[in-house]
Amino acid sequence: MASQPPPPDPADLDPVHWPSSRAQAHRMLDDILDHLEQVRERPVWQPIPDAVRAALRQPSPGGPTGLAEVHGEFLRLVLPYGAGNLHPAFMGWVHGAGNLAGMLGEMLAAGLNANLGGRDHMPVELERQVIRWVAGWFGLPAPAGGLFVTGTSMANFMAVLVARTATLGAPVRTRGLAGVPERLAAYTSAAAHACLPKAMDMAGLGRDALRILPVDRQGRLEPRALTAAIAADRAAGLTPFLLVGTAGTVDTGAVDDLAALAAIARTERLWFHVDGAYGALGILAPDLAPRLAGIQQADSIALDFHKWGQVPYDAGCILVRDGERLRATFAAPAAYLRQEARGLAAGAPWPCDFGPDLSRGFRALKTWFTLKVHGTERMGAMISRTCRLAQHLGARVEAAEALELLAPVTLNIVCFRHRGRDADALNQRIVTELQESGVAAPSTTVLDGRCAIRAAIVNHRTQVRDVDSLVAAVLEVGGRLARGPEA
Ligand SMILES: Cc1ncc(COP(=O)(O)O)c(C=O)c1O
């Protein structure tokens, strides 16, 4: 008599019936592939209906629900209401669009469920290999080290901590800032990202210890203002310790004169960090790389693969010229984390000693897939194209009487606005209307006190026709709004 299969174990999380789970998994993959393939046919973004928000507000699920049913809910409630950054007409903020190879890499990473805090396994080796590639792009030689992190906000925070420890020595890690006599001062430009003052705050140094220096007409930190500020701080008994240059400012895409900043940092004995959140990957584009000259002299670099690198969120990265500096800043021994010469606990040094996280996901895999599948040359060509599109948009703006360009187009960001009475309110409304129409999704910023429409062309799917539709839509909506409510 054939034996009966054992009854399902209610505490087992694996599928009860693998063939049907496999079929469902394939359906889910097909659905998301359809979503990507048909991305152009949908609105960029659409407001979330109240009913959809309400439908998600359910009690915590006590019992099980079938995978197909949960996926059905995802298709109804979540998938249509994303931010739209997959769409070629998304040009808001600085968002990457992701890519299929990276998505599949992320899926495999989730299947593998690797913890890259440490131990001796190939996922850790793969992360080290990607870091070696990236360090090589910037000419950082062998002792360089680095880690994948959430994003540049985290990488910048880590750089502040590394610079602090490099300046004050190991005792600051035990005694804290209250236990050292030095009062530290750091320097960056008025165009630097807001995560830098936040990093100073989180590091316990305080936002006021970050000197926010003026920029020139191109949006680049003024070297003379920098040397004057350093001199003033030294005269006041402070210890200048950190200079942060930016490769691609968030508002306008300006690139600081990194070679000049590197020279000042060297003379003044400051840690030189480059926030290259999106701009640093311009190193892959032969026409853009020369603009980053000087980045090779940085003590540390922060960059994101989830922006220009098109790796699915999140995939930030910190590189440090002397990798041991990371260990000197973050290593924290614990009995249960002993690193051995053999066995699974081998593989020293472990990544957990190079950053704040112990448990770490496998962000490197989706990056490895993206880089291997496309190759750095195609990535560079894609990055270059976004900058050519920005030039095209800049030219279209300059050719339109109703529009004005508010900042030079350096990389892939164009800041402009529609002329008219009460132009700040007008341009804010234009952007909101465009977003709500689903036709295009630029964002806004404020430049010299004026509201700007900001188009950051980060997306590898964006084409000339998307840029042209944005211009047409701004002119149409702006013209209508400028004519007044009766129009
Ligand atoms: C220049 C710059 N620095 C830092 C950041 C913050 O990066 P993340 O969003 O990855 O934390 C950004 C984000 O756009 C940026 O443009």
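**View A. Helix 4 packs against helix 12.** In this predicted model, local features need pLDDT of at least 70, side-chain atom pairs count only at pLDDT 80 or more, and totals for chains, interfaces and linings use all residues. Residues are numbered from 1 along each chain as its sequence is written, and side-chain values use heavy atoms, with hydrogens and water left out. Helix 4 spans residues 100–112, and helix 12 spans residues 363–399. Helices (H or I, at least four residues) and strands (E, at least two) are DSSP runs, numbered from the N terminus. The two axes lie 7 Å apart, at an angle of about 145°. Axes are lines fitted to C-alpha atoms, for helices over the stretch in contact, and angles run from 0 to 180 degrees between N-to-C directions. Helix 4 passes helix 12 in a right-handed crossing. A crossing is right-handed if the near helix is turned clockwise from the far one by less than a right angle, and left-handed if anticlockwise. Helix 4 contributes Ala101, Gly102, Gly105, Glu106, Leu108 and Ala109 to the contact (heavy atoms within 4.5 Å). Helix 12 brings Leu365, Lys366, Phe369, Thr370, Val373 and His374. By class, the contact of helix 4 with helix 12 holds six nonpolar, four polar and two charged residues. Ala, Val, Leu, Ile, Met, Phe, Trp, Tyr, Cys and Pro count as nonpolar, Asp, Glu, Lys and Arg as charged, and the others, Gly among them, as polar.

**View B. Helix 9 packs against helix 10.** Helix 9 covers residues 223–235 and helix 10 covers residues 258–268. Their axes are 11 Å apart and meet at an angle of about 20°. The pair is therefore roughly parallel. Angles under 35 degrees count as roughly parallel, over 145 as roughly antiparallel, 65 to 115 as roughly perpendicular and the rest as oblique. The crossing of helix 9 and helix 10 is right-handed. From helix 9, Pro223, Leu226, Thr227, Ile230 and Arg234 make the contact; from helix 10, Leu261, Ile264 and Glu268 do. Five of these residues are nonpolar, one is polar and two are charged.

**View C. Helix 13 packs against helix 14.** Residues 423–437 form helix 13, and residues 464–483 form helix 14. The angle is about 125°, with the axes 10 Å apart. The two helices are therefore oblique to each other. Helix 13 and helix 14 cross in a right-handed way. Contact residues of helix 13 include Leu426, Ile430 and Leu434; those of helix 14 include Leu470, Val474 and Leu481. The contact of helix 13 with helix 14 has nine nonpolar, one polar and three charged residues.

**View D. Residues surround the ligand.** There are 13 residues around the ligand (a heavy atom within 4 Å). Thr152, Ser153, Asp275, Asp304 and Lys307 come nearest. Three polar side chains are picked out below. An N or O atom in the side chain of Ser153 is 2.6 Å from an oxygen atom of the ligand. For Asp304, a side-chain N or O atom is also 2.6 Å from a ligand oxygen atom. A polar side-chain atom of Lys307 is 3.0 Å from an oxygen atom of the ligand.

**View E. Loops hold two cis peptide bonds and a positive phi.** Tyr313 and Asp314 are joined by a cis peptide bond, with omega about -15°. Asp314 sits in the loop between strand 6 (300–304) and strand 7 (316–320). Another cis peptide bond joins Ala348 and Pro349, with omega about -5°. Pro349 is in the loop between helix 11 (324–330) and helix 12. Asn113 is not a glycine, yet has a positive phi of about 50°. Asn113 lies in the loop between helix 4 and helix 5 (122–137).

How values were computed
Polar contact = N/O pair within 3.5 Å; in protein donor to acceptor, adjacent residues only side chain to side chain.
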